[in-house]
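Got your viewer open? Load the model, switch to cartoon, and keep the selection box handy for a short walk through it.

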Amino acid sequence: MTNGTLEHVNITVSDPQRSAGLLRDLFGWQIRWEGPSMAGGHTIHIGTKHSYIALYTNPEVRAADPRFNKGEPMNHIGITVDDLDAVEAKVIAAGLEPFNHGDYEPGRRFYFFDWNGIEWEVVSYSAGQE
């Protein structure tokens with residue numbers, strides 16, 4: 001049996017630099033690669049040593065309003081963090097609005113939409129959080 005591991009997710013955004021900056025600030029990720037994409041346009045790979053998110057754009061995307069309805073094309077991207085409150089403060093400082101806070105066994109979470117209408121779920125499973 002082969003066990004799969006998620007390596008990356010590729011999403012379309014209107015401004016990869018702005019999106020990469022947000023992900024770097026919220027999650028401490030680093031840009032792994034940046035350059036022209038195979039299909040034209042520009043891509044930034046940002047993440048950890050083991051996984052990343054590819055932020056893709058092209059002139060047509062930048063000229064349009066890239067926001068989608070929830071579930072079109074996906075529901076949300078979930079990220080785990082150690083300090084949920086610190087990340088939430090950074091989301092607010094970026095001018096974005098956290099919502100749907102929830103405590104559940106074994107962790108806590110909140111959601112926010114970025115500037116492209118992409119929904120992010122931020123979860124902490126750290127013990128001892130209030």
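For this tour, a residue is buried when its relative accessible area is under 20% and exposed when that area is over 50%, with partly exposed in between. One thing to keep in mind as you click around: this is a predicted model.

Start by selecting Arg108 and showing its side chain. Is it buried or exposed? At 13% relative accessibility, arginine 108 falls under the 20% cut-off, so it counts as buried. Now add Asp85: its side chain meets that of Arg108 in a salt bridge, 2.9 Å from N to O. Aspartate 85 sits in helix 3 and arginine 108 in strand 7, so this pair ties together parts that are 23 residues apart in sequence. Unlike its buried partner, Asp85 is partly exposed, at 42%.

Keep Arg108 on screen and add Asp103. Here is another salt bridge to Arg108, at 3.6 Å from N to O. Asp103 counts as exposed, with 62% relative accessibility. Through shared partners, Asp85, Asp103 and Arg108 become one network.

How many salt bridges does a search of the whole structure find? The count is 3. To see one away from Arg108, select Arg24 and Asp25, whose closest N and O atoms are 4.0 Å apart. Both ends are partly exposed: Arg24 at 38% and Asp25 at 47%.

Next, the sheet. Colour strands 1 to 4 and you'll find an open sheet in the order 1-4-3-2, with mixed pairing. Strand 1 (8–12) and strand 2 (30–36) are at the edges with a single partner strand each, so each has one side without a neighbour in the sheet. Neighbouring strands are turned by 20° against each other on average, ignoring direction. Zoom in on strands 1 and 4, which run parallel and share 5 bridges; His8 stands opposite Tyr52 of strand 4 there. Then bring in helix 1: it packs on the sheet, touching strands 2, 3 and 4, and its direction makes about 0° with that of strand 3.

Last stop: the largest nonpolar core, 24 residues in total. Show Ile11, Phe27, Leu55, Val87, Phe112, Trp120 and Val122, the members with the most contacts inside it. Elements giving two or more residues include helix 3 (84–93), strand 7 (107–113) and strand 8 (119–124), while helix 1 gives the most, with 5. Finish by centring on Val122: among the residues it touches are Phe27, Ile79, Leu84, Val87, Phe112 and Arg108, where the tour began.

Key: Residues are numbered from 1 along each chain as its sequence is written. This is a predicted model: local features need pLDDT of at least 70, side-chain atom pairs count only at pLDDT 80 or more; totals for chains, interfaces and linings use all residues. Side-chain values use heavy atoms; hydrogens and water are left out. A nonpolar core is a set of buried Ala, Val, Leu, Ile, Met, Phe, Trp, Tyr and Cys residues joined through side-chain atoms within 4.5 Å. Buried means under 20% relative accessible area, exposed over 50%, partly exposed in between (1.4 Å probe, protein chains only). Helices (H or I, at least four residues) and strands (E, at least two) are DSSP runs, numbered from the N terminus. Contact means heavy atoms within 4.5 Å. Two strands pair if DSSP finds at least two bridges between them. Axes are lines fitted to C-alpha atoms, for helices over the stretch in contact, and angles run from 0 to 180 degrees between N-to-C directions. Lists of a residue's contacts leave out its neighbours within four places in sequence.
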